[in-house]
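Visitor: I'm new here, so could you walk me through what we're looking at?
Guide: Happy to. Have a look first, then ask away.

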Amino acid sequence: MAAISRCVLCRTTWMSDVPNDAHRAAEAAARSAYGKLVAALTARTGDLAAAEDALADAFASAMATWPTRGVPSSPEAWLLTAARRKLIDAARRRQTAEASAPDLASRLENAAMDTVDPDMPDLRLGLLFLCAHPAIDASVRTPLMLQAVLGLDAARIASVFLVKPATMSARLVRAKAKIKAAGIPFGIPGQDAWPERLDAVLGAVYGAYTAGWDDAGAGDFGATSLASEAEWLARLLVDLVPGSGEAKGLLSLILFCQARRPARGASGGAYVPLSEQDTSLWDDALTGEANQLLRDAASCEDGGRFQLEAAIQSVHALRAVTGSTDHDTLLRLYDALLATAPSLGAAIARAAVLGEIGQPDAGLTALDALPDERVANHCPYHAARGHLLALSGETEAAAKALRRAAELASDTAARDWLASRAAALSQR
């Protein structure tokens with residue numbers, strides 16, 4: 001992972017003469033422990049923004065001292081101690097203006113001897129729950145998790161969510177200010193609040209994955225695309241909540257999709273749809289891990305959306321073994337998914353499956369039943385409609401729908417593929 005990919009490291013001046021061991025140690029700590037350290041600091045202060053700032057300063061201090069004094073035996077413990085000192089100093093500076101500052105400084109000083117490894121508990125689940133608190137606007141929960149747990153900076157997050165960096169930065173600042181002003185508690189809520197809060201966390205991680213799905217590892221994110229970051233978060237959730245079938249289902253879903261990533265693009269970057277992908281390019285190890293997670297999820301008490309979506313991807317993955325896709329099973333799974341967690345995407349996918357089992361007219365009828373205001377500018381809707389119209393023999397209407405889908409596509413490769421299909425139909 002490139003060091004400058006994390007906001008905590010972006011704020012450090014990286015010089016070419018920094019020894020590699022110090023550079024690697026700081027990068028490894030940012031990758032493996034950033035969220036853990038932020039969580040520990042936030043748990044003490046209740047101030048997420050201050051915790052992030054203190055940790056960024058600690059990394060800056062590390063890069064100023066480690067190259068000459070050597071990397072400490074426990075970089076994480078060193079960073080935690082340095083960050084706590086930064087917070088204590090800040091609290092002392094404020095104590096004349098804020099009555100709570102002396103108490104904060106005292107609590108931090110009493111915690112100064114805590115160690116990170118192996119004694120300090122992993123509080124990242126509490127941090128995730130904090131970011132997904134109902135008082136936090138749903139639209140900023142995913143960006144907040146990406147920054148608080150992974151350390152991604154506002155500019156990188158903004159590029160994924162298609163907003164200006166200043167806009168994203170302002171949203172994140174407001175969310176953190178609300179956490180502090182409203183006194184939103186850090187920690188894991190009672191079991192009665194788990195379903196809602198854990199669902200929000202899972203949904204935010206999945207939102208991060210879908211936002212990064214079109215990033216095939218190129219551009220600003222390089223080999224560490226947002227999709228890969230979301231996979232890392234999903235793995236963290238499985239470790240933190242091992243009894244959650246939905247957490248396992250989410251990771252399974254992501255791994256099924258990640259396994260197909262090498263086959264999504266042909267030479268030259270051309271888009272390759274799932275039905276035409278070369279299954280020999282799929283990653284068997286990731287597919288096997290995804291299938292095992294899905295089996296493990298079935299033994300858990302909770303069942304829901306992500307297990308069903310993973311099961312759908314499992315059916316697609318079987319094509320690598322059988323050479324064909326069981327569309328009848330797909331239809332049943334989409335019916336179950338729509339009954340459990342209705343969504344526009346699932347409804348469109350189910351309509352497309354109807355076409356594959358010889359019922360394109362039924363698929364078109366299903367699409368016609370969707371609200372116009374939701375589908376008028378929705379690329380997958382027009383793409384599915386074009387496919388179903390082509391199966392029905394209505395080539396002119398199919399070409400028109402595919403051209404509209406191409407106009408709405410945000411991904412250049414997908415846009416070119418849709419346009420070429422439309423042109424081929426027009427030539428018939």
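Visitor: How many helices and how many strands does the protein chain have?
Guide: This is a predicted model, and the protein chain in it has no strands to point out. What the chain does have is helices, and the tally is 22 helices and zero strands.

Visitor: What is the mean pLDDT of the protein chain?
Guide: Of the chain's residues, 86% reach a pLDDT of 70 or more. There are weak stretches, including residues 1-6, where pLDDT stays under 50 and the model has 20 contacts beyond four places in sequence. Residues 112-119 are also below 50, with eleven contacts beyond near neighbours in sequence. For the protein chain, the mean is 84.

Visitor: What share of the residues counts as buried?
Guide: The protein chain exposes about 19,600 Å², and carbon and sulfur atoms supply 52% of that area. The chain has 428 residues, and the share of them that counts as buried is 48%.

Visitor: Which helix gives the largest share of the largest nonpolar core?
Guide: That core has 97 residues, and those touching the most other members include Leu 55, Leu 79 and Leu 127. A second, separate core has 24 residues, among them Ala 390 and Leu 402. Back in the largest core, twelve residues come from one helix, residues 20-45, and that is helix α2.

Visitor: How many salt bridges are there in the structure?
Guide: Among them is the pair Arg 404 and Glu 407, whose side chains meet at 3.2 Å, N to O. There's also a network of salt bridges with shared partners, made up of Glu 231, Arg 235 and Glu 289. In total, the structure holds eight.

Visitor: How many residues apart are Glu 52 and Lys 176?
Guide: These two form a salt bridge, with their closest N and O atoms 2.4 Å apart. Glu 52 is in helix α3, residues 48-69, while Lys 176 is in helix α9, residues 165-181. The pair links distant parts of the chain, and the separation is 124 residues.

Visitor: Is Lys 176 buried or exposed?
Guide: Buried means under 20% relative accessible area. Its partner Glu 52 has 8% relative accessibility, so Glu 52 counts as buried. Lys 176 has a relative accessible area of 8%, so Lys 176 is buried.

Visitor: Which helices does the pair Asp 335 and Arg 350 tie together?
Guide: The two form a salt bridge, and their closest N and O atoms are 2.5 Å apart. Asp 335 is partly exposed at 34% relative accessibility, and Arg 350 is partly exposed at 22%. They are 15 residues apart in sequence, one in residues 327-340 and the other in residues 344-356, so the pair ties together helix α16 and helix α17.

Visitor: What separates Arg 404 and Glu 407 along their helix?
Guide: Arg 404 is partly exposed at 26% relative accessibility, whereas Glu 407 is exposed at 57%. Both are in helix α21, residues 395-408. Because they are three residues apart there, what separates them is about one helical turn.

Visitor: How many disulfides does a search of the whole structure find?
Guide: Cysteines are present, including Cys 300, which is buried with a relative accessible area of 18%. Cys 379 is buried too, at 16%. Still, the number of disulfides found in the whole structure is zero.

Terms used
Residues are numbered from 1 along each chain as its sequence is written. This is a predicted model: local features need pLDDT of at least 70, side-chain atom pairs count only at pLDDT 80 or more; totals for chains, interfaces and linings use all residues. Side-chain values use heavy atoms; hydrogens and water are left out. pLDDT is the predictor's confidence in each residue, from 0 to 100. Contact means heavy atoms within 4.5 Å. A salt bridge is a side-chain nitrogen of Lys or Arg within 4 Å of a carboxyl oxygen of Asp or Glu. Helices (H or I, at least four residues) and strands (E, at least two) are DSSP runs, numbered from the N terminus. Buried means under 20% relative accessible area, exposed over 50%, partly exposed in between (1.4 Å probe, protein chains only). A nonpolar core is a set of buried Ala, Val, Leu, Ile, Met, Phe, Trp, Tyr and Cys residues joined through side-chain atoms within 4.5 Å. A disulfide is a pair of cysteine sulfur atoms within 2.5 Å. Accessible areas come from the Shrake-Rupley method with a 1.4 Å probe; for residues, only the protein chains shown count as cover.
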